[in-house]
Amino acid sequence: MKRTLPAASLMILMFIVAAHGQSSAPKPAPELKQADVWVGDWVFSGTGKDSLTGREHTVEWRPHCHWTLGGFFLEWDSTWRSNGVELQYLEIAAYDPIKKVFSVSGFGSDGSTWALTSTFDKDTWVDTSADGCRNTFHFSADGMAASGISECEEKGVRWTQFQVKGTKSKTPH
């Protein structure tokens, strides 16, 4: 009897380990698929200002977006040209199923960092930041074109940081 108990315990433990090893891998939240509209290579152009009283200049933004780490995160690798300066940006978006929002962390080649909270409703993506800026992007029905505007508030005055229109490459990625 004393030998049977350890043998039976070992068999039960092996069964539990085997059953656990066969469990399915976690899957990304279905809400993440809303952000599929971003996936691909985009070219945006328009105008921008660096401050409330700054001079308007042309801007060009070239984001390449793709899913990473098993489809749990959306990654933007971007080049931003504005006012004679070219910067590279990396942004990572994750979906928070409890808050029902996307959390975006950004990093710039100039050492800048930022955090955004983003929502997506039908054809509109909205980023909000702690510094009083709000980016709104409207996508075409086929998801191949978009327009965007960034509005900030400074000293109680709302001003447009940038306004762009863009298209997505038809080449699949």
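Trainee: How many aromatic pairs does a search of the whole structure find?

Mentor: It finds 21 of them. Keep in mind that we're looking at a predicted model.

Trainee: And how should I read one of those pairs?

Mentor: A pair of aromatic rings is described by the distance of the centres and the angle of the planes. Take W42 and F44 here: their ring centres are 5.3 Å apart, the planes make 15°, and the pair is stacked.

Trainee: Are W42 and F44 buried or exposed?

Mentor: Both are buried. F44 has a relative accessible area of 0%.

Trainee: Which stacked pair does F44 form with W61, in terms of distance and angle?

Mentor: For F44 and W61 the centres are 4.9 Å apart and the planes are 25° apart. Planes count as stacked when they are under 30 degrees apart, so 25° makes the cut. This pair also links distant parts of the chain, with F44 in strand 1 and W61 in strand 2, 17 residues apart. W61 is buried too, at a relative accessible area of 9%.

Trainee: Which residues touch the most other members of the largest nonpolar core?

Mentor: That core has 24 residues, and the ones touching the most other members are W38, F44, W76, W125, F137 and F139. Several strands give two or more residues to the core, among them strand 1 (40–48), strand 4 (85–96), strand 8 (134–139) and strand 10 (157–168).

Trainee: Let's zoom in on F137. What does F137 touch, not counting residues up to four places away in sequence?

Mentor: Quite a list: W38, F44, W61, D123, T124, W125, D127, S147, G148, F162 and V164. You'll recognise F44 and W61 from the stacked pair.

Trainee: Next, strands. How do I read the way they pair up?

Mentor: Check the direction and the number of bridges. Strand 1 and strand 10 run antiparallel, with seven bridges joining them. Strand 9 (residues 145–154) also pairs with strand 10 in the antiparallel sense, over 10 bridges.

Trainee: Which residues stand opposite F162 in strand 10?

Mentor: G48 is one that stands opposite F162, and S150 is another. As a general idea, in a regular strand the side chains alternate between the two faces of the sheet.

Trainee: What sits between strand 9 and strand 10?

Mentor: Two residues, and the two strands form a hairpin. In the turn, K155 has a positive phi of about 55°.

Trainee: On to charges. How many salt bridges does the search of the whole structure find?

Mentor: Five. A good one to start with is E60 with R81, where the N to O distance is 2.6 Å. E60 lies in strand 2 (residues 57–68) and R81 in strand 3 (residues 73–82), so this bridge ties together parts that are 21 residues apart in sequence.

Trainee: What other salt bridge does R81 form?

Mentor: R81 forms one with E86, and their closest N and O atoms are 2.7 Å apart. In fact E60, R62, R81 and E86 are linked in a network of salt bridges.

Trainee: How accessible are the residues in that network?

Mentor: E60 is partly exposed at 22% relative accessibility. R81 is partly exposed at 34%, and E86 is partly exposed at 42%.

Trainee: Where else can I find a salt bridge?

Mentor: Look at R158 and E153, whose side chains meet at 3.4 Å, N to O. R158 is partly exposed with a relative accessible area of 42%, and E153 is partly exposed at 43%.

Trainee: What about a polar contact without a charged pair? Which side chain does S78 join?

Mentor: The side chain of W61, through a polar contact of 3.2 Å. S78 lies in strand 3 and is buried, with 4% relative accessibility. Leaving aside neighbours within four places in sequence, S78 is in contact with W61, R62, P63, L87, Q88 and Y89. R62 belongs to the salt-bridge network as well.

Trainee: One last residue: where does T119 lie?

Mentor: T119 lies in strand 6 and is partly exposed, with a relative accessible area of 38%. Outside the four places on either side in sequence, T119 touches V101, T124, W125 and V126. For a C-alpha to C-alpha reading, take T119 and K100, which are 8.0 Å apart in space and 19 residues apart in sequence.

Terms used
Residues are numbered from 1 along each chain as its sequence is written. This is a predicted model: local features need pLDDT of at least 70, side-chain atom pairs count only at pLDDT 80 or more; totals for chains, interfaces and linings use all residues. Side-chain values use heavy atoms; hydrogens and water are left out. A salt bridge is a side-chain nitrogen of Lys or Arg within 4 Å of a carboxyl oxygen of Asp or Glu. Helices (H or I, at least four residues) and strands (E, at least two) are DSSP runs, numbered from the N terminus. Buried means under 20% relative accessible area, exposed over 50%, partly exposed in between (1.4 Å probe, protein chains only). A nonpolar core is a set of buried Ala, Val, Leu, Ile, Met, Phe, Trp, Tyr and Cys residues joined through side-chain atoms within 4.5 Å. Contact means heavy atoms within 4.5 Å. Rings of Phe, Tyr and Trp (its six-membered ring) pair if their centres lie within 6.5 Å; planes under 30 degrees apart count as stacked, over 60 as edge-to-face and the rest as tilted. Two strands pair if DSSP finds at least two bridges between them. A polar contact is a pair of N or O atoms within 3.5 Å; within protein, one must be able to donate a hydrogen and the other to accept it, and residues adjacent in sequence count only if both atoms are side-chain atoms.
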